[in-house]
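Ready for a little practice with salt bridges and pockets? Open the structure, keep it in view, and work through the exercises below.

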Amino acid sequence: VRMVAEYEQMQSVLVRYPFGIPYALITEMSQDCNVTTIVANSSQQSSVTNIYQANGVNMDNVDFLLAPSDSYWTRDYGPWFVIDGNGDFGVCDFPYNRPRPNDDEIPVEVAAMLGIDLYGMPLEHTGGNWMCTGVSQASSTDLVWDENPGLSHQDIQDMVEDYLGVEQYHVLPDPLGEYIKHIDCWGKYLGMNKVLIGSVLEGDPRYDDFEYVADYYASTIGPWGVPYEVFRVYTPGYFPNTPYTNSLILNKKVFVPITGSPYDADALAVYEEAMPGYEIVGVMYNGWENTDALHCRAKGIADVEMLHIKHMPLLGNIQLEDEYEIIATITNYSGAPVYSDSVLVYYKADGGAYQSVQMTQQLGSNYKGIIPFQEDGTVVEYYIHAADESGRSADHPLIGAPDPHEFTVLQMLPGILTSPDTLEFTTVNQAVEGLQFMVKPDGDED
């Protein structure tokens, strides 16, 4: 089982009428993505259609979910998308932590609308207190412990692993000091190895708590085998509000709530630095609050026919070798064949121009490409690209060329080129992801 992350490919975004977001945001989102609007009946659908047409919404990218609802917080009660062990998309439904029975049924309605499986996970939760990497790790505040007193911490860990594929669940104290205890009020995964954490001045009584969670991620090994890269955004929280971590990543755009605060420009600059290649869009609205902003009120609907690339990247210092194998698993959930000549590794050395090498299909959906020999000290940047006959394309990392993987070739073992002729794998995951090992200075292999 694997849970789809927010920054993966979305086919639509789920919002609810009456709205809690500005029309201008809906118009902007509709230019590149479908907008699915929850309405109670056909009369509301007609009203929303008129509103959308009057505000320049791309009506070709609009559909409706007719279902009763109680609030516009689609993030909190909306569907969590998973891919099961058979490679089929589904919705994982949880008991919503608010007494809003109509909202709690929306994941059921979405699964039916998409024609995908529905799984019930008996863990009281909320989407605002959840962020996941899309590979093995997720985070929440300890609100999840508070709201499930009948379950031990290990019970909760086991449940999210069974239902969501989360092997490491980071449950953290809430530094915000507010009633809501939602992680999206102070933190956000920006990518597989990047996390954004709010910050306050040293004199703020919450300072140590914010620094604790920032240090926690900086010292935590992420899914790619290296510590998270931590970015900080100033979020003092006083009026005008500064809910900058409560943003929405929607494919290659990032919508950031801004309020007219003097810190708005700095917040947008942090996103620009952290997410090169993405279009960073500030969204002004007088309804944003520090505990309830843009992320709370919009929820991506995963592209159930996405083209997905799985790859354990080469990062950091890499032993000088004759060549560097790049292994990836490419899954075409649409069923449309992958163009064999589209599967490429693009690489460049020491900031030069990108070159490409063809990846060749191995067993099933596994592909291999070779980055050729590089001199000692060379900084290599690379990404993987693929396309299929459905018209979809994908990169790894997701944004591709603007923010590639990077490693440095070093002769760490003088006179030795490591070239094992045999690797023993003891699990399927090791075989797919590859083994990482090092040679200690005393020569012992670990």
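Three exercises with worked solutions follow, all on a predicted model.

**Exercise 1.** Find which parts of the chain the salt bridge between Asp-403 and Lys-194 links, and decide whether each partner is buried or partly exposed.

*Solution.* Start with the contact itself: the side chains of Asp-403 and Lys-194 meet at 2.5 Å, N to O. Next, place the partners. Asp-403 sits in the loop between strand E26 (393–396) and strand E27 (405–410), while Lys-194 belongs to strand E12 (residues 194–199), so the pair links distant parts of the chain, 209 residues apart. Finally, check accessibility. Lys-194 has 10% relative accessibility and therefore counts as buried, being under 20%. Asp-403, at 24%, is partly exposed.

**Exercise 2.** Now look at the salt bridges of Arg-206 and Arg-297: which residue does each one meet?

*Solution.* Take Arg-206 to begin with: its side chain meets that of Asp-204 at 3.0 Å, N to O. Arg-206 is buried because its relative accessible area is 18%. Then turn to Arg-297, whose partner is Asp-292, again with 3.0 Å from N to O. Both Arg-297 and Asp-292 are buried. As an extra step, trace the network in which salt bridges with shared partners join Glu-28, Asp-32 and Lys-253. The structure holds 13 salt bridges.

**Exercise 3.** Describe the second largest pocket: how much space lies in it, and which residues are closest to its centre?

*Solution.* Begin with the volume, which is about 160 Å³. Then go to the lining of 14 residues, where Trp-73, Asp-76, Arg-98, Tyr-179 and Ile-180 are the closest to the centre. Last, sort the lining by character: five residues are nonpolar, four polar and five charged.

Definitions and conventions:
Residues numbered from 1 in each chain as written. Predicted model: local features only at pLDDT ≥ 70, side-chain atom pairs only at ≥ 80, totals over all residues. Heavy atoms only, no water. 1 Å grid on protein atoms, 1.4 Å probe; cavity = no way out; pocket = protein on both sides within 12 Å on 5 of 7 lines; lining within 4 Å. Points joined across faces, edges and corners; volume = space filled by probe spheres on them. Nonpolar A, V, L, I, M, F, W, Y, C, P; charged D, E, K, R; others polar. Salt bridge = Lys/Arg side-chain N within 4 Å of Asp/Glu carboxyl O. Helix = DSSP H or I, 4+ residues; strand = E, 2+ residues; numbered from the N terminus. Buried < 20%, exposed > 50% of the residue type's maximum accessible area, 1.4 Å probe, protein only.
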